[in-house]
2 protein chains.
Amino acid sequence: MAGDPLPPGSTIGILGGGQLGRMLAMDAARLGLSCHVYCPDPDSPAFAVAARHTVAAYDDAVALERFAAECDAVTYEFENVPAGTVEILTGRLPARPSGRSLAVCQDRKAEKTLVEGLGIGTAPWRPVDRSEDLCAALADIDTPALLKTRRFGYDGKGQARIDTLDGAHAAWEAIAAASAIVESLVPFALEVSVVAVRGVAGDFAAYDVVENVHEAGILRISRVPARIAPATAAAAVEIARQIAEELGHVGVLAVEMFVIRDAGGERLMVNEIAPRVHNTGHWTIEACAISQFEAHVRAVAGWPVPSTERHADAEMVNLIGADADRWRDFAAEPGAALHLYGKSDTRPGRKMGHVTRLRPRGS
Amino acid sequence: MAGDPLPPGSTIGILGGGQLGRMLAMDAARLGLSCHVYCPDPDSPAFAVAARHTVAAYDDAVALERFAAECDAVTYEFENVPAGTVEILTGRLPARPSGRSLAVCQDRKAEKTLVEGLGIGTAPWRPVDRSEDLCAALADIDTPALLKTRRFGYDGKGQARIDTLDGAHAAWEAIAAASAIVESLVPFALEVSVVAVRGVAGDFAAYDVVENVHEAGILRISRVPARIAPATAAAAVEIARQIAEELGHVGVLAVEMFVIRDAGGERLMVNEIAPRVHNTGHWTIEACAISQFEAHVRAVAGWPVPSTERHADAEMVNLIGADADRWRDFAAEPGAALHLYGKSDTRPGRKMGHVTRLRPRGS
């Protein structure tokens with residue numbers, strides 16, 4: 001699986017054509033690598049910056065075969081790629097990260113089981129495979145709790161809050177899932193994440209821990225450095241390293257965590273793992289010589305893991321829905337690095353772009 | 001000419017498909033702007049990252065008309081665009097920079113005349129319109145001198161050195177030009193450049209002065225900050241501002257200067273003006289939140305001039321010809337930001353990529 005690094009001129013296939021694919025394709029081009037983006041949506045933002053693209057369904061075996069034949073390695077901009085798609089591609093060419101990273105991160109039960117298996121904290125949780133299990137699960141853990149579909153949730157979708165036992169049935173109806181997990185809402189002081197990269201040789205590096213603010217389940221702001229103790233930051237990076245190692249992950253992965261503050265100091269609980277470049281790592285484009293996107297591409301190409309050093313403090317704000325209509329304000333703000341994803345439709349809750357502002361380190 | 005800023009989703013036309021066009025197209029995409037690259041070379045590096053491209057000659061009026069109809073503004077990645085091409089485009093859509101910037105910078109005589117007219121120093125020079133003028137010119141200025149074609153010179157091409165009057169005729173034969181200029185070689189302490197940007201409203205900003213090392217007429221290394229006195233740096237920026245203003249320039253322009261050190265301190269002489277993004281500004285990609293490429297695109301789109309603030313010291317090294325074969329070394333060097341331009345043919349003297357290394361400011 002390791003093999004020789006792909007030389008410049010090679011083609012990286014990217015499944016998914018959203019803003020993450022778009023930013024991956026641009027950083028691949030910086031390295032002299034070519035990109036082929038595969039996405040069912042003919043209006044995919046990533047197509048505009050990729051040398052080639054395919055518009056086809058994720059289960060179109062003929063299109064996938066052709067795509068595989070034209071690429072030297074394949075990666076994913078999102079984790080909800082159907083398992084069948086990955087099966088067709090794996091074996092034909094290096095697929096990085098591998099099917100195991102995807103399979104675990106697609107399934108909240110598998111994810112939490114893996115994290116707990118490493119002795120890493122999570123919010124108290126129980127699997128809920130049938131509606132009948134929900135009451136028993138809620139007997140074990142505290143409310144308020146969140147009921148989450150096991151699969152295909154993102155940006156707060158597929159989730160329902162349960163404040164009291166009375167509301168359990170309504171929550172189950174609301175998410176309308178075949179299977180789910182329920183987890184206690186923990187009273188966290190901060191949300192943080194670690195964006196890290198692991199190479200084919202097992203080499204590992206992490207960007208500085210970032211502090212995040214979510215609104216209505218959607219990331220609003222990321223700030224680096226996170227306002228946590230140095231020991232907590234080191235522990236957060238170690239958690240990401242253990243998870244990446246356990247998955248045999250290749251590429252970038254992001255681990256979202258809660259920081260719990262009590263009399264004993266700061267503790268971490270893993271909330272979610274994303275086996276890909278992540279919204280909470282967008283600040284790396286301006287604040288680091290090598291961004292999370294380039295780090296991912298390098299790992300996918302079998303190159304050594306690069307430096308994740310940061311030379312500025314940074315704050316990133318997502319532009320969600322109509323926020324992007326204020327582009328003139330951001331364009332007129334001298335230090336603001338504006339990113340717009342080239343999406344033609346503005347919809348409420350849709351990530352349209354982001355703005356990063358830098359400050360000197362430690363200011 | 002000013003008008004409203006182009007909104008995201010607009011299309012910027014770029015004449016020229018080399019690495020400068022490629023880096024412009026990537027930064028335009030960051031802002032949600034689309035690019036259409038026009039270049040006669042079907043293997044143009046910029047095509048891979050642009051939403052659209054046209055392969056056609058610069059004098060293909062039909063192709064140019066179609067290109068103009070599909071773009072909202074047009075710019076150039078190099079100054080040697082034929083005047084006729086610019087004529088066809090100007091009037092149909094905003095052409096930024098304008099034909100005046102191109103006309104002056106295409107012609108060493110016009111360029112030096114403009115600089116002198118502003119009271120700015122240049123190396124002693126004389127126009128040589130016919131071979132018969134060369135001896136008279138050399139009677140006025142000191143040897144050693146450089147004979148340079150008036151038009152279409154770059155990377156040391158179209159130049160010949162004259163060490164003594166005896167060598168004058170051979171130099172004239174070597175450059176084989178219809179008209180030329182001859183200039184004295186000045187004993188400079190340093191070569192520096194200012195990469196600056198001027199907006200449609202006349203707003204202006206400059207990146208920090210950069211120190212350059214050329215080898216065989218080709219840029220080898222750029223380092224920022226330049227090791228010059230603060231007053232010299234301020235004077236260099238003021239020179240760039242005056243030139244941009246005089247040209248009515250819109251977009252990025254680079255002014256290369258010699259720093260002369262003598263008993264009186266440091267003096268500046270303008271060597272050359274490039275009315276475009278410039279190799280000596282590549283370090284801005286990593287060391288600034290907004291690179292020279294994005295600054296140029298913003299100006300072309302009629303947006304306000306952005307901040308040119310720098311948050312790290314930087315050194316950029318060009319990868320020329322076979323240098324790029326060492327990509328594995330650069331890929332393994334943790335802090336090195338590697339750029340490869342996607343050129344399929346490695347030729348001696350050809351710019352294949354560059355590497356930028358950052359250091360904390362003032363270190």
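These questions and answers walk through a predicted model of two chains, A and B.

Visitor: How many residues of chain A are in contact with chain B?
Guide: Count each side of the interface separately. Chain B brings 39 residues to the contact. On the side of chain A the number is 40.

Visitor: What area do chain B and chain A bury between them, and which three residues of chain B supply more of its part than any other three?
Guide: The two chains bury about 3200 Å² between them, 62% of it on carbon and sulfur atoms. Three residues supply 18% of the area that chain B buries against chain A. No other three supply as much: they are R30(B), H311(B) and W327(B).

Visitor: Which residue of chain A meets R30(B) in a salt bridge?
Guide: The rule finds two salt bridges across this interface. In one of them the side chain of R30(B) takes part, at 2.8 Å from N to O. Its partner is E286(A).

Visitor: How many residues of the side of chain B that touches chain A are nonpolar?
Guide: Between the chains there are 17 residue pairs in polar contact, both residues at pLDDT 80 or more. Elements of chain B that each supply at least two residues to this side include α1 (19–30) and α10 (292–300). By residue class, the side holds seven charged and six polar residues. The nonpolar ones number 26.

Visitor: What relation do the two copies have?
Guide: Chain B superposes on chain A by a rotation of 180°, with 0.0 Å of shift along the axis and an RMSD of 0.0 Å. The same surface serves both copies, as 100% of the contact residues of chain B recur in chain A. The rotation and shift together give the relation of a two-fold axis.

Visitor: Which residue of chain B comes closest to the rotation axis?
Guide: The distance is taken at the C-alpha. At 2.0 Å, the residue of chain B that comes closest is V49(B).

Visitor: Is helix α10 of chain A mostly covered or mostly open, and how many of its residues are buried?
Guide: The helix spans residues 292–300. S291(A) caps its N-terminal end, with a side-chain oxygen 3.1 Å from the backbone nitrogen of F293(A). After the helix comes G302(A), whose phi is positive, near 80°. The helix is mostly covered, and its buried residues number nine of nine.

Visitor: How far apart in sequence are the parts tied together by D208(A) and R310(A)?
Guide: D208(A) and R310(A) form a salt bridge, with the closest N and O atoms 2.8 Å apart. D208(A) sits in the loop between β10 and β11, and R310(A) in the loop between α10 and β15, so the pair ties together parts of chain A separated in sequence by 102 residues.

Visitor: Is R310(A) buried or exposed?
Guide: Its partner D208(A) is partly exposed at 30% relative accessible area. R310(A) has a relative accessible area of 5%. The cut-off for buried is under 20%. R310(A) is therefore buried.

Visitor: Which residue forms a salt bridge with R227(B), and is that partner buried or exposed?
Guide: The closest N and O atoms of this pair are 2.3 Å apart. R227(B) is exposed at 57% relative accessibility. The partner lies in strand β11 of chain B, 16 residues away in sequence. At 3% relative accessibility this partner is buried, and the residue is E211(B).

How values were computed:
Residues are numbered from 1 along each chain as its sequence is written. Chains are lettered from A and ligands numbered from 1 in the order in which they are written. This is a predicted model: local features need pLDDT of at least 70, side-chain atom pairs count only at pLDDT 80 or more; totals for chains, interfaces and linings use all residues. Side-chain values use heavy atoms; hydrogens and water are left out. Contact means heavy atoms within 4.5 Å. Buried area is the accessible area (1.4 Å probe) that two parts lose on being put together, summed over both. A salt bridge is a side-chain nitrogen of Lys or Arg within 4 Å of a carboxyl oxygen of Asp or Glu. A polar contact is a pair of N or O atoms within 3.5 Å; within protein, one must be able to donate a hydrogen and the other to accept it, and residues adjacent in sequence count only if both atoms are side-chain atoms. Helices (H or I, at least four residues) and strands (E, at least two) are DSSP runs, numbered from the N terminus. Ala, Val, Leu, Ile, Met, Phe, Trp, Tyr, Cys and Pro count as nonpolar, Asp, Glu, Lys and Arg as charged, and the others, Gly among them, as polar. Copies are superposed by least squares on the C-alpha atoms of residues with pLDDT of at least 70 in both. Buried means under 20% relative accessible area, exposed over 50%, partly exposed in between (1.4 Å probe, protein chains only).
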